[in-house]
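Here are some short exercises to work through with the structure open beside you. Try each one before you read the solution.

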Amino acid sequence: MPSPAQLSELLDPAATVLLTVECQEGVVGPHGALPELAREARASGALTNVARLVAAAHESGVQVVHAIAERRPDGRGASRNARLFRAAERLPVQQLSGSTAVRVAAPIEVAEEDLVVRRLHGLSPIQGTDVDALLRNLGCRTLVVTGVSANVAIPNAVFDAVNRGYTAVVPTDAVAGVPAEYTPAMIRHTLALVATLATTDEVLGCLKRPRRR
């Protein structure tokens with residue numbers, strides 16, 4: 001874990017972006033397609049912590065980007081080259097463009113200045129989307145990665161961010177996966193090697209701390 005001073009240096013509001021990954025009604029909502037993941041995201045406090053981080057980002061001037069996974073009703077452009085994608089086609093709740101399922105889930109509040117990036121294919125919220133170009137245009141150096149799932153999309157986002165030269169910060173209690181015990185194992189044995197780890201409270205402390213002029 002970094003020192004408070006080191007973390008504060010990384011989280012300069014002018015060069016930091018907060019990314020929420022698949023925090024959408026059809027994934028983590030009470031009637032989502034993946035009930036086990038939705039329950040874990042809520043029971044663990046991860047979704048609440050994402051909402052706390054988003055609220056603090058709005059107050060401190062940190063840009064928020066919401067990454068949403070969706071599909072067209074006709075399935076055009078969707079990936080089918082992995083078991084995960086084919087299984088998703090059979091789920092009772094589909095992440096259809098324009099539906100309630102692809103709205104950012106409560107208790108996260110979306111502000112007018114937030115950016116929402118939607119993807120129709122793949123596993124990553126960064127690769128093959130507008131996110132990287134947006135981050136560069138925003139002058140981002142540090143990307144705070146939150147959301148679901150620790151199984152697939154979160155490590156994808158962290159790896160893609162690092163490969164593109166960003167410093168990734170992962171609030172360890174603001175991500176979730178299944179089963180519950182998998183998330184800390186993924187964080188400890190994989191994400192810790194490439195990302196800066198902190199708690200939600202530690203990140204909040206930096207965002208709310210007055211900056212030296």
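**Exercise 1. Find Pro 179 and work out what is unusual about the peptide bond before it.**

Start with the address: Pro 179 sits in the loop between strand S6 (175–176) and H8. Bear in mind that you're looking at a predicted model. Now check the bond from Val 178 to Pro 179: omega is about -10°, so the bond is cis. Most peptide bonds are trans. There is also a cis bond between Val 148 and Ser 149, with omega at about -5°. Ser 149 belongs to the loop between S4 and H7.

**Exercise 2. Work out how helices H7 and H8 pack, and which residues make the contact.**

Step one is the geometry. H7 covers residues 153–163 and H8 covers residues 182–194; their axes lie 10 Å apart, at an angle of about 15°. Angles under 35 degrees count as roughly parallel, so H7 and H8 are roughly parallel to each other. Their crossing is left-handed.

Step two is the contact. H7 brings Ile 154, Pro 155, Val 158, Phe 159 and Val 162, while H8 brings Met 186, Thr 190, Leu 191 and Val 194. Sort these residues by type and you get eight nonpolar, one polar and no charged.

**Exercise 3. Take the salt bridge between Glu 22 and Arg 119, and decide whether each partner is buried or exposed.**

First, the distance: the two side chains meet at 2.9 Å, N to O. Next, place the partners. Glu 22 is in the loop between S1 and helix H2 (25–28), and Arg 119 is in strand S3 (residues 115–119), so the bridge ties together parts 97 residues apart in sequence. Then the accessibility, where buried means under 20%. Glu 22 has 13% relative accessibility and counts as buried. Arg 119, at 8%, is buried as well.

One last look at the backbone: Glu 22 has a positive phi of about 55°, although it isn't a glycine. Most residues other than glycine have a negative phi.

**Exercise 4. Do the same for Arg 141 and Asp 12, then look at other salt bridges.**

The side chains of Arg 141 and Asp 12 meet at 3.9 Å, N to O. The cut-off for a salt bridge is 4 Å, so the pair counts. Arg 141 lies in the loop between helix H6 (131–137) and strand S4 (142–148), and Asp 12 in the loop between helix H1 (4–10) and strand S1 (16–21), 129 residues apart. With 53% relative accessibility, Arg 141 is exposed; Asp 12, at 27%, is partly exposed.

Now try Asp 74 and Arg 72, whose salt bridge is 2.6 Å, N to O. Asp 74 has a relative accessible area of 46% and is partly exposed, and Arg 72 is partly exposed at 36%. You'll also find a network of salt bridges linking Asp 132, Arg 136, Asp 160 and Arg 164. The total count is ten salt bridges.

**Exercise 5. Describe the surroundings of Cys 140.**

Begin with its place, the loop between H6 and S4. Cys 140 has a relative accessible area of 8%, so this residue is buried. Leaving out residues up to four places away in sequence, Cys 140 touches Ala 15, Val 17, Leu 135 and Tyr 166. To finish, pick out Thr 167: its C-alpha is 9.3 Å from that of Cys 140, with the two positions 27 residues apart along the chain.

Definitions and conventions
Residues numbered from 1 in each chain as written. Predicted model: local features only at pLDDT ≥ 70, side-chain atom pairs only at ≥ 80, totals over all residues. Heavy atoms only, no water. Axes fitted to C-alpha atoms, helices over the stretch in contact; angles between N-to-C directions. Helix = DSSP H or I, 4+ residues; strand = E, 2+ residues; numbered from the N terminus. Parallel < 35°, antiparallel > 145°, perpendicular 65-115°, else oblique. Left-handed = near helix turned anticlockwise from the far one by under 90°. Contact = heavy atoms within 4.5 Å. Nonpolar A, V, L, I, M, F, W, Y, C, P; charged D, E, K, R; others polar. Buried < 20%, exposed > 50% of the residue type's maximum accessible area, 1.4 Å probe, protein only.
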